[in-house]
Amino acid sequence: MANITIPDNAPFNAEQRQWLGDFLSKAFAQNATAAVVGDPVPITILVGSQTGNTEALGKKLSKKLSKSNFIPNVVDMASYEVGNLASEKHVLVMTSTYGDGEAPDNANDLHTWIRSEAATSLAGVKFSVFGMGDSEYPDFNQCAKEFQEAFIKLGAEQITDPVYCDVEYDDDYKSWETSIINILGAAAPSVADDEEEEDGFTKKNPFGADITKNFNLNDLSSARETHHVEFSLEGSDLAYEAGDALGVYPQNDEQLVDEILKNLPFNTNTEVPAAIGKGEVSFREALLSHYDITSLNKGLVEKWSARSGSPYLRSLVESGSKEALDDFMWGRGLVDLVCDHPADYGDAEELLEDLKKLQPRLYSISSSPKAHPGEVHLTVGVVRYDSHGRKRGGVCSTYLSDRFEGKQTRVFMHSNTAFRPPVDDSVPMIMCGPGTGVAPFRAFLEEREARGAKGQNWMFFGNPHEKLDYLYQEDFTQWQNNGLLEKMSLAWSRDGQEKVYVQNLMLQEGAQFFEWLQKGAHFYVCGDASRMAKDVDKALHQILEEHGKMSQEEAEAYVKQMKKDKRYARDVY
């Protein structure tokens with residue numbers, strides 16, 4: 001702040017000169033700031049989110065910008081009017097990618113329009129793209145990359161380079177956020193870099209929950225294994241709604257960790273910085289609870305090859321064959337590299353620098369807090385398989401089925417506002433969730449029962465065998481008997497000569513399905529994104545064309561409107 005001094009020969013006494021000097025100094029400083037700041041900067045944040053991660057970051061960014069000379073507006077892409085895009089000043093595109101490089105459901109219309117011939121010039125629009133993805137998938141951040149290409153093609157000007165982050169996105173997000181603020185900072189005062197500490201238990205500060213019940217829902221003779229797991233939330237103040245997910249931090253298999261430690265070429269009895277939380281932990285604990293040791297990635301194989309001197313790994317990396325590398329990585333983990341291709345790592349921290357952090361798994365919650373206060377339930381499909389002479393399994397599913405006893409499990413809540421039962425209790429609801437996709441619909445029905453909702457409910461469920469794989473049969477039978485569940489359509493794919501799936505039953509009952517839609521029914525789908533969800537979506541369009549007498553274009557428009565009206569929601573993975 002400028003220091004203005006009043007001359008001694010001015011017609012004021014010493015006290016008056018001091019007061020006037022201070023007053024003018026403050027006024028000058030305020031005017032100078034106003035001159036630098038200028039008008040507030042409008043920023044539109046377009047969010048494409050399938051499970052809620054990107055939505056949460058969009059809201060976080062808006063909160064940060066609103067503390068300064070910005071006017072942020074967070075908009076769900078499904079509700080954005082594309083005609084407004086050309087008149088925007090600053091646009092931030094935040095989107096995830098799911099399935100086979102696909103746009104999130106709420107981003108699909110905008111994603112399609114902006115790459116079509118109907119899209120208009122965006123000259124004069126300044127933009128930046130932030131993508132969320134998983135580099136383990138071949139179409140890493142494909143949706144975000146296509147938004148980036150489309151904006152450039154239409155003449156928009158970049159604010160910053162695009163950021164395509166991996167599952168560990170915190171640092172990438174912070175860097176992108178800082179760049180946006182700094183680049184537009186000529187028109188706005190700086191925003192404090194200090195991160196606000198989130199209250200309570202979060203992803204960064206998970207709650208240690210006790211598992212109170214854990215049992216297999218399948219018959220013991222079934223080829224499938226699905227566990228119902230109940231956690232106590234006592235002492236956590238954690239809250240959730242039907243439709244949300246629970247984040248679970250697993251632990252690796254202790255025997256696997258000990259085999260890795262036994263075969264490493266350096267002293268493993270040492271302390272290392274914690275990857276989750278603060279402080280230091282033993283190297284063994286780091287491998288047990290902080291790092292991914294059950295899967296391989298391209299970066300790790302390349303770094304390992306450089307250190308191991310293995311002719312096989314060197315030839316694999318130098319071949320440049322993605323297919324050969326994928327084939328090698330499938331079904332292998334760190335133990336395979338340590339035992340079969342020893343490398344010259346000098347110490348524990350050196351090795352950990354090349355490993356990815358152990359990520360939490362998100363599971364759709366299968367309970368309503370109204371029906372089970374102080375508890376949260378999950379429906380977990382256990383993955384087991386043999387590969388390269390070893391028994392392997394999903395790290396989190398086998399932890400919850402085999403290795404949970406005597407331990408507290410680190411958990412946190414993950415909100416999914418796009419996947420909720422109807423707010424209006426009189427609205428009909430159709431649910432489609434084969435296999436573990438049944439989870440959120442058990443929660444939906446418990447919620448509606450607790451609320452005394454009068455809306456009709458129709459459930460589509462499927463699995464291989466009725467006698468072996470009918471998950472939550474007692475619950476569904478009871479709801480059918482008391483009238484809560486009006487229709488239960490069951491598809492058993494291995495009980496007959498022909499395989500029957502949920503989409504087949506939808507088509508068979510298409511006339512009634514369309515009647516429910518015409519009455520305003522909400523349609524929900526949960527489960528596999530790559531096959532089931534696509535087949536169900538195709539069946540939905542076919543029903544509209546056949547029983548609604550619509551053209552293909554009219555059916556597509558009907559489905560788009562359902563999504564905009566939040567009547568068609570999918571929790572797919």
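**A sheet and a helix pair in a predicted model**

Six strands of this predicted model form an open sheet in the order β12-β9-β16-β7-β8-β13, with antiparallel pairing.

Colleague: Which strands are the edge strands of the sheet?

Modeller: The order of the open sheet runs β12-β9-β16-β7-β8-β13. An edge strand here pairs on one side only. The edge strands are β12 (361-364) and β13 (375-381).

Colleague: How many bridges join strand β7 to strand β8?

Modeller: Strands of a sheet pair through backbone hydrogen bonds, either parallel or antiparallel. Strand β7 covers residues 207-216 and strand β8 covers residues 226-232, and the two run antiparallel. Ile211 stands opposite Phe231 in β8. The number of bridges joining β7 to β8 is six.

Colleague: Which helix packs on the sheet?

Modeller: The helix in question touches β7, β8, β9 (245-249), β12, β13 and β16 (409-414). Its direction makes about 70 degrees with that of β12. It spans residues 395-402 and is helix α13.

Colleague: Are α9 and α10 parallel or oblique to each other?

Modeller: Helix α9 (residues 311-319) and helix α10 (residues 322-329) pack with their axes 8 Å apart, at an angle of about 140 degrees. Angles over 145 degrees count as roughly antiparallel, and 65 to 115 as roughly perpendicular. The angle of about 140 degrees fits neither range, so α9 and α10 are oblique.

Colleague: How many residues of the contact of α9 with α10 are nonpolar?

Modeller: Helix α9 contributes Tyr312, Leu313 and Leu316 to the contact, and α10 contributes Ala324, Leu325 and Phe328. No polar and no charged residues take part in this contact. The count of nonpolar residues is six.

Key. Residues are numbered from 1 along each chain as its sequence is written. This is a predicted model: local features need pLDDT of at least 70, side-chain atom pairs count only at pLDDT 80 or more; totals for chains, interfaces and linings use all residues. Side-chain values use heavy atoms; hydrogens and water are left out. Two strands pair if DSSP finds at least two bridges between them. Helices (H or I, at least four residues) and strands (E, at least two) are DSSP runs, numbered from the N terminus. Contact means heavy atoms within 4.5 Å. Axes are lines fitted to C-alpha atoms, for helices over the stretch in contact, and angles run from 0 to 180 degrees between N-to-C directions. Angles under 35 degrees count as roughly parallel, over 145 as roughly antiparallel, 65 to 115 as roughly perpendicular and the rest as oblique. Ala, Val, Leu, Ile, Met, Phe, Trp, Tyr, Cys and Pro count as nonpolar, Asp, Glu, Lys and Arg as charged, and the others, Gly among them, as polar.
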